[in-house]
Amino acid sequence: MRRRPHYLAGAGSLFWLFLVGLPLYVMLAATVRTRQDYAENGPVSIPDSFTLDNYTGAFDSGFGQYFFNTLVVTGCVIGIVLLLVPPLAYAIVRSRGRTTSAIFRLFLLGLAIPAQAVIVPMFYLISKAGLYDNLLGVILPTAAFCLPMSALILSGAMRDISPELYEAMAMDGASPRRMFFQLVLPLSRGGLSTIVVFSALQAWNGFLFPLVLTQSDSAKVVTLGLYNFQTEHGIDIPGLLGAVVLSMVPILLVYLFARRALVQGLMGVGGK
Amino acid sequence: MTTKTTSAPPAAGPRKGSRRRPPASSATKVGRPGFAWALPAAVFFALFAIVPLIMVAVLSFMSWDGLGSPEFVGMDNWSRLMDDPVMFQSVWLTLLLTVLGVVVQTPLSIVLGVWAAGHQRNRAVLSVIYFIPLLLSATAVSVLWRALLDPNFGIPAEATWLFGDGNLFGEQATAIGVLAFVSTWQFTPFHTLIYQGAARAVPQVLYQAAEIDGAGRYRQFFHITLPQLRNSMITSMILMIVGGLTTFETVLILTQGGPGTDTTISAYYMYDKAFKSFDFGAGSAIALALVVSATVISLIVVRVSGYDKMRSTMEGVS
C-alpha cells in the first residue's frame, strides 16, 4: 500500500508505544517484586527481588471464588446470546415483514441505551424477582445488553451469504428452518465466533450490574473483587497490580486465540 | 462502502438484480422466515432493557428509598434537581470530559489508524501491544492507573519535575486531566481500529492518481485519506460522545467524584443519589436525562452513518 514510511504516523505510533508500554512494564514488574522493593526503588526501576506472593495473595483474598463466579456469568451470557441472536439475525436478514424491521429498529435504538440509564429500575425488578445477590440476576441483564451489538455484528455477517444459495435451497422446497440449520449457521461461523468473543468480553469485564445487584462474597465477580481489593488494600500496590494482571489473563488468552474474530467484531462497529 | 459498489457495478449486480428474475423471485418468497424467529430475542430484550427504560421515566416522578414501595410525588425530584448546584456542575463536567475526549482521541486515533493500515515492518507485533488497553475492563484500567499515579509510591513521586507534589487527585484541574488521560489511554485503540478499517478501504487508485499529479505524502493525507475517513469520523465521534456521557467506573475508582464534588459527573451523581443516598427518585431523573441525551445522539448515528443500510462489516481486516 505505502512504499515510503509515513513519518508523522510513525512518530505518533512510537509515542503511543511509550504510553502503553511503560505502564504495562511497571505493572508486570511490580507484580513480581516485594512491596518493600517497589516502595524503595520506585515503580520504574528494574526489580531486584523476585516473588510470586502478589499472585498467591490475590487468591488468599478470595479471587478463586470470584473467578469461578465470573466464569459462570460469562458462560451463561454466551449461552443466552448464542440461543437468541442467530434466529434474530436470520430474521433481520431474510424476513421481509414489517414486524421484523420494527424489531430490528428496536435493537438499533437499543445500541444507545447505557446500562446506567436502567440501573435503578433494574435494581427494583431484580429485587422484586428475588434475584438480588444471585448470579442469575447479573446474567440476565448482562446478556440483554449484549444483544443489540451481537445482532448488528451477526446480521452483518449473514448478509454476506449469497442469495443464490437460498434460492437453490428454496427450489428444493427447503423450509426456513432447514435453511437456517443447513445453510445459515454453517456459513456464519465467523460471525458466530465474533459475537461469542464480544459477549465474553462484555460479561468478563462487566462492573455496574454486579456492583448494584450483588452484595455478598459468594456472588462477587472479578471486577468487583478488584474494586474491593483497591478500597481495602490500596497501599499494597504490588498486591493490587497482581490482582489486576490475574483479572486480565483469561481475556489475553481469548485474544491470542481469537484475535481475528475480536478485531473483526470491533471494526464492524465502524459502521462501514 | 458506497465507493466500492459504485466502482464495481457488475460485481454488485447479481445480488440486487436476482429478485427481478421471475422464477427466482417467486421461489425466494417461499423460504423466508417470519417474525417469530426474531420474537424470543425481542421479548428478552424488551423485558430487561425496554421495560426498565419505561420504568425509569415513571420512577423519576416517584419517591423511593429502595425498601418500601415507591410513592408518586409529581415534579418534586425534578424541581429539586433544578435547584441543585451539584447537578448543574455534573452536567458541565460531563460535557467537558466528553469534549476533551473527542478533541484528544480523534487526531491521535486517526494518526495511529492510518499508520496501522500501512505495511510497516513489526506492525503486527506493535499492534498487539497497542491494543492491550482495549481488552482490559474499565475497572482494571482504573485500578491500574490509580496505583500508577499514587502520590507516594507511584510514577509522580519519581518525576517531581513533571508532576510537582505528585498528588494529582487533590485538585480539580489535575483530577479532570487524569480522568481524560485514562479514558484516552483506554479507548484510543478502539477508535484506531475503526480508522484502520476505514483507511484500508480507501481505493488505491486515488493515491496512484495523486502520485501521478505529483502530490506529496501530506497532501495525499489531507486531500484523500482524511476526506475518505469522514463517515468513520462521524461514527467514532458519536461513539466517543455516548461513551463520554456514560463514563462511570473511571470516576468511581479514580476520584470517587472528588475532591469534594469536583469530578462528580452525571452518571456518578446518579449512582451516588440512588445507591448511596437512597434517593432513587432523583437518581431516576438523572438517569432519564442521560437516556434522552444518548438516544438523541444515537438517532443521529443511525441517520448520519447509515447503520440501518449497512451491507457488510467484513472489509479491511488483517
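How many residues does the contact take from chain B and from chain A? In this predicted model, chain B puts in 122 residues and chain A 112 residues.

## The interface between chains B and A

Put the two chains together and about 10,900 Å² gets buried, with carbon and sulfur atoms giving 74% of that area. On the chain B side, W37(B), L135(B) and R217(B) lose the most area to chain A, though together they make up 8% of what that side buries.

As for polar links, the tally between chain B and chain A is five residue pairs in polar contact, counting pairs with both residues at pLDDT 80 or more. Salt bridges come out at zero across this interface.

## What chain B brings

Helix α4 of chain B, residues 39–59, gives the most to the side that touches chain A, with 15 residues. Sort the residues on that side of chain B by type and you get 80 nonpolar, 29 polar and 13 charged.

## A look at T264(B)

Now to a single residue of chain B. T264(B) sits in the loop that runs between α16 (249–254) and α17 (266–276) of chain B. Is T264(B) buried or exposed? T264(B) counts as buried because its relative accessibility is 5%, and the cut-off for buried is under 20%.

The side chain of T264(B) gets to the backbone oxygen of G257(B) at 3.1 Å. Leaving aside residues up to four places away in sequence, T264(B) touches V86(B), S90(B), L93(B) and Y269(B), as well as that same G257(B).

Conventions. Residues are numbered from 1 along each chain as its sequence is written. Chains are lettered from A and ligands numbered from 1 in the order in which they are written. This is a predicted model: local features need pLDDT of at least 70, side-chain atom pairs count only at pLDDT 80 or more; totals for chains, interfaces and linings use all residues. Side-chain values use heavy atoms; hydrogens and water are left out. Helices (H or I, at least four residues) and strands (E, at least two) are DSSP runs, numbered from the N terminus. Buried means under 20% relative accessible area, exposed over 50%, partly exposed in between (1.4 Å probe, protein chains only). A polar contact is a pair of N or O atoms within 3.5 Å; within protein, one must be able to donate a hydrogen and the other to accept it, and residues adjacent in sequence count only if both atoms are side-chain atoms. Contact means heavy atoms within 4.5 Å. Buried area is the accessible area (1.4 Å probe) that two parts lose on being put together, summed over both. A salt bridge is a side-chain nitrogen of Lys or Arg within 4 Å of a carboxyl oxygen of Asp or Glu. Ala, Val, Leu, Ile, Met, Phe, Trp, Tyr, Cys and Pro count as nonpolar, Asp, Glu, Lys and Arg as charged, and the others, Gly among them, as polar.
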